[in-house]
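Q: I am new to this structure and would like a close look at one small part of it. Could you pick a single spot, explain what surrounds it, and then lead me outward from there?

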Amino acid sequence: MSYAPYAVAVWLLLAGLFGIVTSKNLIHLALCVTVAQSGTYVLLLAIGYREHGTAPIFSDVPRSRRAVDPVVQALTLTDIVVGVTVAALLLALAVKAHERTGTLDPAELRELRG
Amino acid sequence: MIGVQIAALALVAAFGLAVVLVQDLVRVAMLYGIYGLTLVVLLVVFQAPDVALSELVVSMVAFPVIVVTALATIRRRERRGQ
Amino acid sequence: MSVLVPVTFALPLLAAPLLAGAGFWLPRRADDVAGILAAAATTVLAAIVLVRSFAGSSVYWFGGWRPRGGVSLGISFVVDPLGAAIALLTAALVTAALVYSWRYFDEVGTLFHVLVLLFLGGAIGFSYSGDLFNIFVCLELTCVAAFALTAFRIGEEGPIEGAFNFAVTNTLGAVLILFGIGLLYGRTGALNLAQIGRALEGRSPDGLVVVAFALLVAGFLVKAGAAPFHFWLSDAYAVAPAPVCVLFAGVMTEFGLFGLARIFWTVFALPLDDAFGLVRWTLVGFGILTAIVGALMSFLQRHVKRMLAFSSIAYTGIFLIGLGTLTPGGLAAAGLLVIAHGLSKGALFLGTGVMLERMHSVDELALRGRGRGFWISGLTWFAAAVALASPPFVGGWQGHEGLDHASTVLGRHWTAAFIAAVTIVSTGAILRAGARVFLGWGDRRDPLLSPEPDEEPEGEPERPALLLALPAAALAAAALAVGAVGTLTPHALLAAEQFTDTRAYAATVLEGRASQAPRRESPPTSAESVVWALVATGGAVGLAAFGLWRRRLPAVLRERVGRAVVPALDALRTVHSGHVGDYVAWLTFGTAVLGGLLAFGVLQ
Amino acid sequence: MTRQSRVGLCAVGLAGLAALLAWGIAGLEPFGHYPGPYGTILNAVEPQERHAANVVAAVVFDYRGVDTLGEELILFCAVMGLAFLLRENREENTRSVRDRASSDAVRAVGIVAVPVVVLLALDLIAHGYITPGGGFQGGVAASAGLLLVYLAGDWRAMRRAGPLRLVDVAEAGGAAGFVVVGFATLIAGGAFLENLLPLGTFGKLTSGGTIPVANWCVGLEVSAAFVLIFLEFLEEIMAERARDR
């Protein structure tokens, strides 16, 4: 059981990849990319977790509480921002592709063959 | 590991898969919102309130606005096309 | 000295938002001037940083957070000559791109300048950074800028699709990198490269180390456009505006390889010490595959930009072979080739800009003979192609020569022959296109080439002919000249020695102990290298002639060879389907194969 | 590739990747046993060194401030990129549309909700280095409030009046502000982004030295950036509406 969080992280990555490959819709595909990306949030936070640890936010200076790792949380914050920006760009491109071609199906968008 | 963490992990894994498998856009949009919330719960039980707040505002504000407007734009366009 | 390092990094990043905020009120052309000035100033700073870095790596701790007891608390930039050279090359190409795009992007105001400056800032941070996560952040900054720049001509279908495929595959590459970072952090509790390297040293590598290495390598190979992760690259380069292509081909794919070399030599070189042979053959194997796919596909294109894109993929393969030797000599040779390749590809891509702007197409067959009046651009094209072919003492010659020496670890003769063959095919395609467009040689039709959908480029702005031609000519001249600069090879060797000295790097970062690599003399020019260089150049000319006048060969011969070759080429062509799902399926498969190979070797 | 072969190739890849990743994560410490040292040391030394109650905020804005600088610029870059992609050829199309998006009821709800959301958001930013929250979280929330202003009011008219330009400038200013903080510390003789301000009392709003400054820059940048992102997407609908006519 103590490896379940890591397994869920891997699961999200693999599920996201599978979704991207099988997706028939660019908007859905963009959301699958963010699912794959959210695997990294779970992985990072699971790594930094400490049993019976509290959030790394302290109310007083001398303290004896055991806190989880603040670094992975900072990394995840950055990761979330990157994820939302990329998703916004992808969705904008999907909307534009639809405007141009009238379809969101990647199988019908085949301008760049060969 | 405590029960609430296991439950949150199971929810995240299940809704992540659901988002990936469902192809209908409106349903995906709703599932994605729920998926975001399950992630928030997971982040809270992993003692990461800062990250949970980030994920909360992203999945409750940013994504809904962007996804819904994108869907609305496309729907309007399709309606005209018919 | 040390203050220069953060200033070089932050200057373009300050200029970009300032330009964006003030752009509306700036008078006409002031945005062009301001962008060029910022890029030029960064270039000067990057040059100074490079010159000083030869005296030994310097470390800069942001926020003044120096390491305590070997544990790094903050983020460091560690400037060594190789990283500084990549930063300088980027800054120079960004300046050239901005000069070239004078008045090009008028309709979007300052946005182009802002994006290019952000690209530059990210690139500099990436080249200097000594922190694994910071490398990721800087790389993402360059990539996000690149996604947007690719799709500039948004009114057409191609750019949207190209940018979408580019963004999806590269984001997944970043996810793989991040998984690798997570695994390493879980093991070592560190993000500083030197500290991670120290923590892993001395223990035999287990699954975690191997998998982290495989994920990081796969992620960086996605960014580098190595086969089978390369599909996005030809899509993106084919559709991006010419000045953007200069940046992409000149430096962006090289970032992937640089990142790979950086993490290998700072983190994995010591723990994987016993598995060197295996890592070497895995990387070289991917390099060979990439070079073959890129060279063949480039010869099959009539879309000139797509042809150049595949040619860049072929060169990625060659760089990967050089880097994959895992020797300082191979790394130095790859670096020298990157310089010559970046300059000549820059000139060639600007040449396609002239075609698009003045001849209104980038279709080799449609343009046959239409370039006759453009003699400066024509000369530039052939000069750049020759620089790529690298006859003795011209263009990439020193890189090719260095690769000959370094590839003794691989078996020298076949490597030289293989690289000559790749050069022949990819340069042959470039010469063929040039001869067809600028000289009007060859047939009007060629069924072997990929059919192009009719695409009418929208009205490009008509700008002065000299403005279009001169930056390209300058880049081509520089590309030709680098082969003759004798001091380049010893400097590259010195830089590579410094770059690959894992222990010295860690001591510099964590203990502040300065160290300098011993100066090495470049090995003497061998007759074999000269012969191979001549063979490659001559072969390229010959193959170009074959491509132009293939149909004049006897019919029997044509049919025989055709029956054997064409199905294979068609199969290769169909793999490049333009379907993003296919690309991601290949990405998944490629990562699994890469990881499997590395795992297999370590388990042995 | 046919769909079957694509899925087949992917399935092989996924199986391999799953095995690989399983082998990789097996080398990690079991869940809950973070080995350190990075985070452990920071948790131990940060309160004395930086006086910020929220260690994550100290890591984000100080220890690893350059990452956050890059992150803000990625967001800034995405907004520039969206504008680069979406603004082309749109002005003419949308100019003719008059806004009918909001009924009076929507407007009334908006007018009540806006100040609440914005105040909440500002509070989230302000206390970011003491309690959970901060520039990013509060910034996105603030952008939701500002979006309500646009939706409740006649946003087309507001655009004409020029707030979009103002948002552009605010976004650029926030992004530049973070870099300016770095340059300022350099000019003052410190390292880039080094704290040179008094640290204040632990747990108070005045604590943290440069952290609040960077935090507010981020808050400004993020709220403006998300307003711009939302508007770019909303403009697409407007353009469609214009074409409907």
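A: Happy to! Let us start at A:H52, which is exposed, because just 10 other C-beta atoms lie within 10 Å and the limit for exposed is 12 or fewer. Please keep in mind that this is a predicted model. A:H52 sits in the loop that links helix 2 (26–48) and helix 3 of chain A. Its backbone has a feature to look for: phi is near 55 degrees, a positive value in a residue other than glycine.

Chain D offers a good partner for this residue. D:L193 also has a positive phi without being glycine, here near 65 degrees. D:L193 is likewise placed in a loop, the one between helix 9 (163–187) and helix 10 of chain D. The surroundings of D:L193 are another matter: with 31 other C-beta atoms within 10 Å, this residue is buried.

Now follow chain A from the loop into helix 3, where the inside of the model comes into view. The largest nonpolar core holds 429 residues, and A:L90, A:L91 and C:L115 touch the most other members. Helix 3 (residues 70–101) of chain A gives this core its largest share, 20 residues. A:L91 is a nice one to click on. Leaving aside residues up to four places away in sequence, A:L91 touches A:I27 and A:A30, and also B:I66, B:V67 and B:A70.

That brings us to how the chains meet. Five pairs of chains touch, and chains C and D make the most contacts among them. In that pairing, 65 residues of chain C are in contact with 60 residues of chain D. On the chain C side, the elements giving two or more residues are helix 1 (4–22), helix 4 (111–128), helix 5 (132–150), helix 6 (157–188), helix 8 (207–224) and helix 22 (580–603). Helix 22 of chain C supplies the largest share, eleven residues. By class, this side of chain C has 43 nonpolar, 17 polar and five charged residues.

Chain D touches chain B too, through 21 residues of chain D and 18 of chain B. Helix 7 (135–152) and helix 10 (210–244) of chain D each supply at least two residues to the chain D side, and helix 10 gives the most, with nine. That side consists of 14 nonpolar, four polar and three charged residues. Chains B and C, by contrast, share no contact, and their closest C-alpha atoms lie 13 Å apart.

What about chain D itself? Chain D has ten helices and zero strands, and 55% of its 245 residues count as buried. Of the contacts in chain D between residues at least 6 apart in sequence, 74% join residues at least 24 apart. A residue to find here is D:Y150, in helix 7 of chain D. D:Y150 counts as buried because 23 C-beta neighbours lie inside 10 Å. D:V180 is 30 residues from D:Y150 in sequence, and their C-alpha atoms are 31 Å apart in space.

Finally, turn to chain C for two helix pairs. Helix 2 (residues 30–53) and helix 3 (residues 81–100) of chain C pack at an angle of about 160 degrees, with their axes 8 Å apart. Since that angle is over 145 degrees, helix 2 of chain C is roughly antiparallel to helix 3 of chain C. Their crossing is left-handed. Among the residues that meet are C:G35, C:I36 and C:A39 from helix 2, with C:P81, C:A84 and C:A85 among those from helix 3. The contact comprises 17 nonpolar, five polar and no charged residues.

Helix 11 (residues 276–299) and helix 12 (residues 304–324) of chain C also pack at about 160 degrees, with axes 7 Å apart, so helix 11 of chain C is roughly antiparallel to helix 12 of chain C. The crossing of helix 11 and helix 12 of chain C is left-handed, and their contact has 16 nonpolar, eight polar and one charged residue.

One last stop: the peptide bond from C:A227 to C:P228 is cis, with omega near 0 degrees. You will find C:P228 in the loop between helix 8 and helix 9 (231–239) of chain C.

Technical notes
Residues are numbered from 1 along each chain as its sequence is written. Chains are lettered from A and ligands numbered from 1 in the order in which they are written. This is a predicted model: local features need pLDDT of at least 70, side-chain atom pairs count only at pLDDT 80 or more; totals for chains, interfaces and linings use all residues. Axes are lines fitted to C-alpha atoms, for helices over the stretch in contact, and angles run from 0 to 180 degrees between N-to-C directions. Helices (H or I, at least four residues) and strands (E, at least two) are DSSP runs, numbered from the N terminus. Angles under 35 degrees count as roughly parallel, over 145 as roughly antiparallel, 65 to 115 as roughly perpendicular and the rest as oblique. A crossing is left-handed if the near helix is turned anticlockwise from the far one by less than a right angle, and right-handed if clockwise. Two residues are in contact if their C-beta atoms, placed from the backbone, lie within 7 Å. Ala, Val, Leu, Ile, Met, Phe, Trp, Tyr, Cys and Pro count as nonpolar, Asp, Glu, Lys and Arg as charged, and the others, Gly among them, as polar. A nonpolar core is a set of buried Ala, Val, Leu, Ile, Met, Phe, Trp, Tyr and Cys residues joined through C-beta atoms within 7 Å. A residue is buried if 20 or more other C-beta atoms lie within 10 Å of its own, exposed if 12 or fewer, and partly exposed in between; C-beta atoms are placed from the backbone.
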